[in-house]
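Please open the model in your viewer and display side chains as sticks. The tour below proceeds by selection, one residue at a time.

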Amino acid sequence: MTKLSETVEINGAGHLAIGGVDALKLAKKYGTPLIAYDVAKIKNQVKRFKQAFIDGNVPYRVTYASKAFSALAMYRLISKEGLGCDVVSGGELYAALKGGMPPEKIEFHGNNKLPEELELAVDSKIGCIVVDNFQEISFLDNILKAKKTKISVTLRVAPGVEAETHKYISTGQENSKFGFDVRSGQAEKALKLLLDNPRMNLKGVHCHIGSQIFAAAGFVMAINKMVQLLKAWKEKYDFTAEILNIGGGFGTRYIDSDEPLPADEFVKQIVKAVKEKIAEAKLKFPEIWIEPGRALVGESAVTLYTVGSRKDVEGVCHFVSVDGGMGDNIRPALYQAKYEAVLANKPQALKEQIVTVVGKYCESGDILVRDALLPVTHPNDTLAILSTGAYGYTMASNYNRNPRPAVVFCENGKDKLVIKRETYADMLRCELSL
Ligand SMILES: *Cc1c(COP(=O)(O)O)cnc(C)c1O
């Protein structure tokens, strides 16, 4: 298989390029750390996710899980591409609306939606609330009663399918904090409540089995369980789902050995499974919804850093420090996530040293790449970490009072700043001097 570092774009000057823009020029123009997106790659993934639905001739909706990267520019791009989005907080909902996402294409998730968040969702007339628990049903009902209005909902089910992934990013199992459990009868109880509620229009069911999933088998299992459930609910309650939402979690390629199915292949197998199961169960064909997050944006960005100090402990390890770290990418520290690094000023130079790329934060766990095979690095080299488009900026923090990085969109040789670098003053804007 081709190495990830061999799939990067290299320009005539022998530098790494992003969407036709020289990485060194970007680093010089905007400073580092800098997250640079190749917009064409995002558009290409959008196309791949849609294509197999179109080929399969089935009703569908691709809803971008915006927690992966919730910039205004991203909402704008995704709405232009005709996608919906899902949000998991009032803040994301606010940003999605500001980013021009049509309210009817917004879906609201979360295991503890606050009353004020639900109120914002109702006032904004969003398309659908994915109801997660009994307290939420009661909060939402109070709001709808007070406002004398209605809203569409789907019911989040924990189908008892466990994706083979990190325990923090696995969510479909029975002991998940998300959704109504099937076996204990919670899901059925919720169904009855929603069917009896004149203010909530129950459109269908939702499940999400986890993240960074490489094969279609887990989705097929989930589809099987969900359709069985729908069949039982049809027989017992005459409930017909218009929407079957099977969530996100489609894998992305962070390192060379990652081999997720391509987006269109995932969808092809999902469409096939839904067609088979729905036909077997003799149910009305539902609209199939999916919610890719990382697979839409993960591989489309690199983070550029400037190499600073180095520490060589002969026979033990070599540390190469960069000017960012866990504040702009917490995933290695949080999930032991792995990444590939490339020297942007000479991506084709002989790789002769295994080093540990560390950040500038006061934590020993502030490691970006544990065993990076790189050419010998020097201060002021520009180092790129690949596939940082998902859950990088959105999980960024100001730990150690480091400003969050700038973000730039690159396409056809042009670059556009979409998020400014924070300043020291920005970091103090909420503080009161006493
Ligand atoms: C996080 C999440 C997603 C997206 O997950 P990815 O791994 O980024 O695709 C989709 N749906 C729900 C409900 C989620 O919680």
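With which side chain does the side chain of glutamate 291 make a polar contact? Select both partners: the side chain of histidine 109 takes that role, at 2.7 Å. A polar contact is a pair of N or O atoms within 3.5 Å; within protein, one must be able to donate a hydrogen and the other to accept it, and residues adjacent in sequence count only if both atoms are side-chain atoms.

This is a predicted model, in which local features need pLDDT of at least 70, side-chain atom pairs count only at pLDDT 80 or more, and totals for chains, interfaces and linings use all residues. Residues are numbered from 1 along each chain as its sequence is written, and side-chain values use heavy atoms, with hydrogens and water left out.

Remain at glutamate 291, in the loop between strand E13 (287-290) and helix H10 (294-297); helices (H or I, at least four residues) and strands (E, at least two) are DSSP runs, numbered from the N terminus. Glutamate 291 is buried, at 5% relative accessible area (buried: under 20%; exposed: over 50%; partly exposed: in between; 1.4 Å probe, protein chains only).

Next, select arginine 294, in helix H10. Arginine 294 is likewise buried, at 5%. Beyond four places in sequence, its contacts (heavy atoms within 4.5 Å) include Phe250, Arg331 and Tyr391.

Finally, select lysine 67, in the loop between strand E5 (60-65) and helix H3 (72-80). Lysine 67 is partly exposed, at 35% relative accessibility. An unreviewed UniProt entry lists Lys67 as "modified residue: N6-(pyridoxal phosphate)lysine"; such annotations may be inferred rather than shown by experiment.
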